[in-house]
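Hello,

Thank you for offering to take this one over. Here is the structure, and below it are my notes on what turned up.

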Amino acid sequence: MPTQTELLTAAAKAAQAAGEGAVEADTGRRLRPEVVDALTDAGFSRAFVPAEFGGAPVSFTEVTRAVATVAEECASAAWVGSLMANTGRFAGFLPAEGRADIWAEGPDTRLVAGLVSQVVAQPVDGGWELSGTWSFVSGVEFSEWALLMATTAGGEARFFAVPRADYTFEDTWFTLGMRATGSHALTIERAFVPAHRSFLSADLFAGNHPSGEALYTAPLFAINGLTFAAPILGAARAALAVASAPLAAGKAKDSARVAVARSGGEIDAAELLLLRAAATADRGGVTAEEAARGSRDCALAVEILAGAVDRLFRGAGTRAQAEGSPLQRIWRDVRGAASHGGLQFEPAALRWSEPQPAAA
């Protein structure tokens with residue numbers, strides 16, 4: 001299976017499979033099973049799995065680049081691959097027995113995460129009982145385990161690991177863009193979750209992990225934006241390639257050439273912001289200031305990318321709006337992905353601008 005140095009090569013192969021099914025995925029609102037298999041084979045599921053469970057953990061930088069590579073062919077496939085990887089990192093916060101349950105059959109377990117819910121976990125002997133619905137659980141159709149956030153009766157937020165046999169999903173994802181992410185609603189009816197399959201959400205958000213490894217100690221706000229921004233980066237590159245084709249043929253007006261040049265520069269600038277956030281997390285020892293900067297930079301990068309794709313789409317004229325135009329599909333995907341709550345600039349800016357406590 002892919003190691004760190006092989007992930008990008010493997011991602012290129014997965015991108016080819018994703019590209020072959022991209023139009024079908026958009027119109028049919030579903031990734032082909034072989035595309036999900038290709039993402040798994042490429043190593044996305046195991047990217048952040050501890051070595052003790054058969055993983056070969058890679059860097060945030062490597063995963064960001066690999067996700068963007070897939071997104072150049074299909075943004076929805078890249079979104080699912082990115083969440084496969086990053087939800088595996090979430091699972092690393094489980095107690096040892098819970099991690100063993102998740103990866104009992106190997107490191108390629110397909111995990112999904114559900115954070116949008118009003119569910120209250122009820123304490124029972126030996127653990128918890130869950131009932132309720134979680135919205136927008138991307139990739140749920142192909143999942144084998146789910147990590148679901150809920151509050152306890154005392155108001156404490158926790159994650160709970162639930163096997164596929166204990167949940168169902170409803171086909172609820174009907175959207176303008178990112179149609180094939182399968183971000184449906186997940187439902188549970190009275191599932192028992194043993195205590196060893198749960199952990200405090202606060203530990204994940206703060207990067208409070210006993211291993212002390214950079215992979216786990218980065219606060220969530222430092223790197224969470226990368227999960228959703230990397231697919232947008234790749235999609236923006238794809239839009240640039242489509243819009244640049246007339247230039248190579250010598251058929252573009254000066255105004256179109258200027259628009260392509262400006263958008264290309266903005267895409268490069270956004271990539272630098274994302275790679276700085278990834279490199280900071282890879283280094284370890286992320287400070288509160290750096291975490292806030294990473295959150296800000298990811299949100300800003302997405303604003304830049306969305307603006308660049310808007311310009312390319314407008315500049316391509318009416319033909320780009322045709323149903324068969326790849327540019328309109330990419331534009332819809334970028335605009336859909338950029339609306340994610342974790343990518344909004346205002347809350348990220350306010351976190352970054354908060355006064356930090358003076359060092360002791």
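The expected span of a helix is 1.5 Å times one less than its number of residues. Please keep in mind that this is a predicted model. With that yardstick, helix H10 (residues 254-283) has 30 residues and covers 44 Å between its first and last C-alpha, close to the 44 Å expected. Just after H10 comes Gly284, with a positive phi near 85°.

Helix H12 (residues 326-338) is a good place to look next. Its 13 residues reach 18 Å from first C-alpha to last, close to the 18 Å expected. Among its buried residues are Leu327, Ile330, Val334, Ala337 and Ala338, and also Arg329, Arg332 and Asp333. What lies over the buried residues of H12? The cover includes helices H2 (22-28), H5 (75-91), H9 (220-248) and H11 (288-315).

The start of H12 has a nice detail: a side-chain oxygen of Ser325 comes to within 3.2 Å of the backbone nitrogen of Leu327. Ser325 sits in the loop between H11 and H12. Is Ser325 buried or exposed? Its relative accessibility is 12%, so Ser325 counts as buried. Neighbours within four places in sequence aside, Ser325 is in contact with Arg319 and Ala320.

Now for the charged pairs. The whole structure holds 19 salt bridges, and here are some of them.

- Arg110 pairs with Asp37, their closest N and O atoms being 2.6 Å apart. Arg110 is in the loop between helix H6 (96-102) and E1, and Asp37 is in helix H3 (residues 33-42), so this pair ties together parts 73 residues apart in sequence. Arg110 is buried at 15% relative accessible area, while Asp37 is partly exposed at 37%.
- Asp101 and Arg197 meet at 2.9 Å, N to O. This pair links helix H6 with the loop between strands E7 (184-194) and E8 (198-200), 96 residues apart. Asp101 counts as partly exposed at 23%, and Arg197 is buried at 18%.
- Arg190 and Glu129 meet at 3.5 Å, N to O. Arg190 belongs to strand E7 and Glu129 to strand E3 (residues 127-137), 61 residues apart. Arg190 is exposed at 61%.

Finally, the surface. Leu115, Val116, Phe136, Phe205 and Phe221 form a nonpolar patch there, with about 430 Å² of accessible area together. Val116, in the loop between strands E1 (111-114) and E2 (120-124), counts as partly exposed at 43% relative accessibility.

Happy exploring, and best wishes!

Definitions and conventions: Residues numbered from 1 in each chain as written. Predicted model: local features only at pLDDT ≥ 70, side-chain atom pairs only at ≥ 80, totals over all residues. Heavy atoms only, no water. Helix = DSSP H or I, 4+ residues; strand = E, 2+ residues; numbered from the N terminus. Buried < 20%, exposed > 50% of the residue type's maximum accessible area, 1.4 Å probe, protein only. Contact = heavy atoms within 4.5 Å. Polar contact = N/O pair within 3.5 Å; in protein donor to acceptor, adjacent residues only side chain to side chain. Patch = residues over 30% accessible without salt bridge, like charges linked within 9 Å, V, L, I, M, F, W, Y side chains within 5 Å. Areas by Shrake-Rupley, 256 points an atom, 1.4 Å probe, with all protein chains shown as cover. Salt bridge = Lys/Arg side-chain N within 4 Å of Asp/Glu carboxyl O.
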